[in-house]
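Welcome! Here are some short exercises to work through with the sequence and the 3D view side by side. Try each task yourself before you read its solution.

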Amino acid sequence: MEHQAEKPAAVLTGTAKAGRVGPPLGTVDIGQSESAYIFRVALPGVHQHDSNLRCNVQADGRVNIDGLVRDSSLLNDMRSYEMKVERLCPRGPFSVAFNLPGPVDPRLCSLNFRPDGILEVVVKTKMG
C-alpha cells in the first residue's frame with residue numbers, strides 16, 4: 001500500500017482559533033486625525049528591498065501600491081529550503097488600490113515599511 005504525503009496540519013488556539021491566521025495581502029486599515037490620514041496595508045511575503053515596492057498617493061486621495069512577491073524558497077543557516085505548504089500570497093506581481101476619505105497633499109507623505117510586513121503611511125489632508 002502506497003503512502004500519500006500528508007500536508008502538515010496547523011493547530012490553532014486562542015485568538016488564532018477565533019479568526020484568521022494572518023491578514024491577506026492588501027488588507028487595509030485607514031485612520032483620520034484633524035490634519036492627516038494614516039493607512040496601514042498588510043503585505044505578507046513582500047520585502048522592502050527586493051520587491052519593487054511602489055506607493056503612489058494622488059491629490060484626490062487615491063492610493064496605488066504595487067510590487068512583487070518574491071520566490072518563497074528560504075535561505076537559513078546556509079541551507080536552502082523549498083516551501084512545501086504555502087498559504088500566504090503566491091509569488092508574482094500584485095497591486096492594491098483604494099481611496100482615502102478625502103483629498104490630500106501627496107508632497108507631505110511619510111512612509112514606513114515595518115519589519116512585520118505592514119506598510120504604514122501618514123499623509124496630510126489638503127487644506128482648503
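## Exercise 1: A bridge between two strands

R54 and D66 form a salt bridge in which the closest N and O atoms are 2.9 Å apart; a salt bridge here is a side-chain nitrogen of Lys or Arg within 4 Å of a carboxyl oxygen of Asp or Glu. Before going on, note that this is a predicted model, where local features need pLDDT of at least 70, side-chain atom pairs count only at pLDDT 80 or more, and totals for chains, interfaces and linings use all residues. Residues are numbered from 1 along each chain as its sequence is written, and side-chain values use heavy atoms, with hydrogens and water left out.

**Task.** Find which strands hold R54 and D66, and say how exposed each residue is.

**Solution.**
1. Start with the strands, which are DSSP runs of E with at least two residues, numbered from the N terminus. R54 lies in strand β3 and D66 in strand β4, so the salt bridge ties together parts that are 12 residues apart in sequence.
2. Next, look at accessibility, where buried means under 20% relative accessible area, exposed over 50% and partly exposed in between (1.4 Å probe, protein chains only). R54 is exposed at 54%, whereas D66 is partly exposed at 23%.
3. Finally, list the surroundings of D66, taking contact as heavy atoms within 4.5 Å. Leaving aside neighbours within four places in sequence, D66 is in contact with N52, L53, R54, F94 and S95. The C-alpha atoms of D66 and S95 are 4.1 Å apart, although 29 residues separate the two in sequence.

## Exercise 2: The partners of E120

**Task.** Work out which arginines form salt bridges with E120, and whether E120 is buried or exposed.

**Solution.**
1. Locate E120 in strand β9, which covers residues 118–125.
2. Check its accessibility: E120 has a value of 17%, so this residue counts as buried.
3. Find one partner, R40, whose side chain meets that of E120 in a salt bridge of 2.6 Å, N to O. This pair links distant parts of the chain, since R40 sits in strand β2, 80 residues from E120 in strand β9. R40 is partly exposed, at 36%.
4. Find the other partner, R114, with closest N and O atoms 3.3 Å from each other in its salt bridge with E120. R114 is partly exposed, at 24%.
5. Put the pieces together: through shared partners, salt bridges join R40, R114, D116 and E120 into one network.

## Exercise 3: The setting of β9

**Task.** Which strands pair with β9, and in what sense?

**Solution.**
1. Two strands pair if DSSP finds at least two bridges between them. β2 and β9 pair in the antiparallel sense over 7 bridges, with I38 opposite V122.
2. β8 and β9 pair in the antiparallel sense too, over 6 bridges, and L111 stands opposite V121. Their hairpin has 4 residues between the strands, and G117 there takes a positive phi near 85°.
3. Because 6 of its 8 residues are buried, β9 is largely enclosed by the rest of the structure.

## Exercise 4: The nonpolar core

**Task.** Which residues of the largest nonpolar core touch the most other members?

**Solution.**
1. A nonpolar core is a set of buried Ala, Val, Leu, Ile, Met, Phe, Trp, Tyr and Cys residues joined through side-chain atoms within 4.5 Å.
2. Among the 18 residues of the largest such core, F39, I65, F98 and L100 touch the most other members. The elements giving two or more residues to this core are β2 (36–42), β4 (62–69), β7 (92–99), β8 (104–113) and β9.

Methods. Contact = heavy atoms within 4.5 Å.
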